[in-house]
Amino acid sequence: AVLSAAMLFVLGSCGRGDVPLSGVSSDPAAESTVSTDATDTTASTATTASTDTTSTTTAATTKATTAKPTTTTTQAPTTTTTQAAPTEYTNPYGVYDVIKTYIGSNAITERQLLPSVAYTVDDTIVDTMFDSFIFLPSPVHIYSGIFTNQEAWQDWIDEYTFLDGKNMDALEAVTGETKKALGRSDYKTNAFVTLINPDPENIGNFGDLNGKPMDFNNEDDRFEALKWMVDTYIATFNSKNYQHVKLNGFYWFDEYINVSRDKNLIKRITDYIRSKGYITIFSAFHRAGGYDAWQELGFDLASMQSNYFPSEPDLPNAGGIDRLDTNVALTKLRGMGIELELDNQEKKLGITGFKQTLAKGVQTGFMDGYNLYYFSSGPDAVYYVQRHRDPYFQSLYTETYKFIKGTLTMDDITIELD
């Protein structure tokens with residue numbers, strides 16, 4: 001059976017849209033179901049303070065209702081020029097639709113990136129697509145012990161993030177191609193790079209930094225390592241002299257935060273990043289420790305996953321379709337965005353699950369907000385569905401484009417139940 005999303009919601013098969021939900025407190029201070037002292041054992045397979053946190057409010061995490069503002073930002077958030085009048089759906093950073101771009105196992109090429117940077121029809125560029133890209137490893141790389149010393153951190157920056165001709169270089173090239181095709185000389189894509197948590201439980205011998213041995217049982221040494229990483233990223237980015245990509249900030253890789261241990265450290269590094277003219281973003285797995293403390297920690301933007309994985313129900317922290325509504329309620333309480341998740345681009349049920357998430361965004365309004373996107377293998381998965389021979393798979397590409405632009409309607413979304 002093929003039904004529009006509008007009809008599915010009339011039938012009640014895609015979850016309820018009314019909030020608050022049972023089990024979700026209407027008091028933000030009362031909603032906390034995961035101990036901030038627990039260890040992270042359910043990290044998603046997909047895979048973040050200032051003394052002034054006034055910019056991290058609900059109004060600062062959402063975008064313009066049906067048409068996003070055209071925004072030019074230089075080293076956000078210090079200077080921002082927005083053509084559209086500010087509304088409750090805009091944020092001051094020009095960051096609205098951010099795709100996780102995995103580069104740990106395989107480098108991303110220009111061909112793979114093109115359908116994520118530009119919306120294409122019959123191989124013709126007709127519009128822009130995602131405005132921001134996070135370059136990150138998979139959790140396999142983090143927890144397999146390959147980030148255990150400074151040399152490995154440096155290698156991640158030089159040989160992965162800024163690999164010649166791939167990854168960030170490819171984003172630069174494809175953005176330039178897109179600008180030329182659209183005649184938009186002022187357009188730039190936003191890039192975010194990954195901060196590795198200098199966790200003493202995972203890193204026992206980082207090595208020397210500026211002639212001093214680092215001991216990650218000492219918070220000051222952890223902070224110095226993070227400062228070094230931030231400064232090295234910035235210097236390397238600037239040395240590339242990119243013309244079409246803007247380094248907008250940093251992504252805190254851990255999806256769970258041990259607040260009692262790491263709160264002061266994270267506040268210090270987010271303050272430092274802000275002093276350099278950049279922002280820091282964070283995305284939690286569903287109800288992860290620390291999700292409700294993102295503003296206290298100094299993150300500028302934050303989101304949370306539903307971990308609704310209909311085609312991969314055995315993935316860590318997986319839940320049912322009711323998670324979509326629960327996630328909307330919790331993130332609304334906290335002024336957060338949503339991380340949309342495609343668990344497997346090769347399975348029809350995975351495609352259906354993402355379409356259900358898009359429909360929930362239209363129904364509840366989070367389409368108009370700040371959102372992250374997990375497409376299993378990153379832009380390569382976007383490339384996969386965009387070129388798929390099955391119209392049902394391919395339709396996800398067009399529906400995601402409309403969602404990004406804030407024009408998607410329930411009637412646009414086709415969901416096959418068989």
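Which side chain does Lys-348 meet in a salt bridge? In this predicted model, where local features need pLDDT of at least 70, side-chain atom pairs count only at pLDDT 80 or more, and totals for chains, interfaces and linings use all residues, the partner turns out to be Glu-416, with N to O at 2.6 Å. Residues are numbered from 1 along each chain as its sequence is written, and side-chain values use heavy atoms, with hydrogens and water left out.

A salt bridge here takes a side-chain nitrogen of Lys or Arg within 4 Å of a carboxyl oxygen of Asp or Glu. Lys-348 sits in helix α10 (residues 348-364) and Glu-416 in strand β16 (residues 414-416), so their pairing ties together parts 68 residues apart in sequence. Helices (H or I, at least four residues) and strands (E, at least two) are DSSP runs, numbered from the N terminus. Lys-348 comes out as partly exposed, at 26% relative accessibility; on this scale buried is under 20% relative accessible area, exposed is over 50%, and partly exposed falls in between (1.4 Å probe, protein chains only).

The structure holds 22 salt bridges in total. Another one joins Lys-402 and Asp-412, at 3.7 Å from N to O. Here the link runs from helix α12 (residues 391-405), home of Lys-402, to the loop between α12 and β16, where Asp-412 is found, so it ties together parts 10 residues apart in sequence. Both ends are partly exposed: Lys-402 has a relative accessible area of 27%, and Asp-412 one of 28%. Salt bridges with shared partners also knit Asp-199, Glu-201, Arg-222, Arg-261 and Asp-262 into one network.

Within a single helix, Arg-274 pairs with Asp-271, their closest N and O atoms being 3.5 Å apart. The two residues are 3 apart in helix α7 (residues 259-275), so about one helical turn separates them. Arg-274 is buried, at 17% relative accessible area, whereas Asp-271 is partly exposed at 27%.

Away from the salt bridges, Ser-306 is worth a look. Ser-306 lies in the loop between β13 (301-305) and α9 (322-334) and is buried, with a relative accessible area of 6%. A polar atom of the Ser-306 side chain lies 3.3 Å from the backbone nitrogen of Tyr-308. Neighbours within four places in sequence aside, the contacts of Ser-306 (heavy atoms within 4.5 Å) are His-286, Arg-323, Leu-324, Asn-327, Glu-339 and Glu-341.

Conventions
A polar contact is a pair of N or O atoms within 3.5 Å; within protein, one must be able to donate a hydrogen and the other to accept it, and residues adjacent in sequence count only if both atoms are side-chain atoms.
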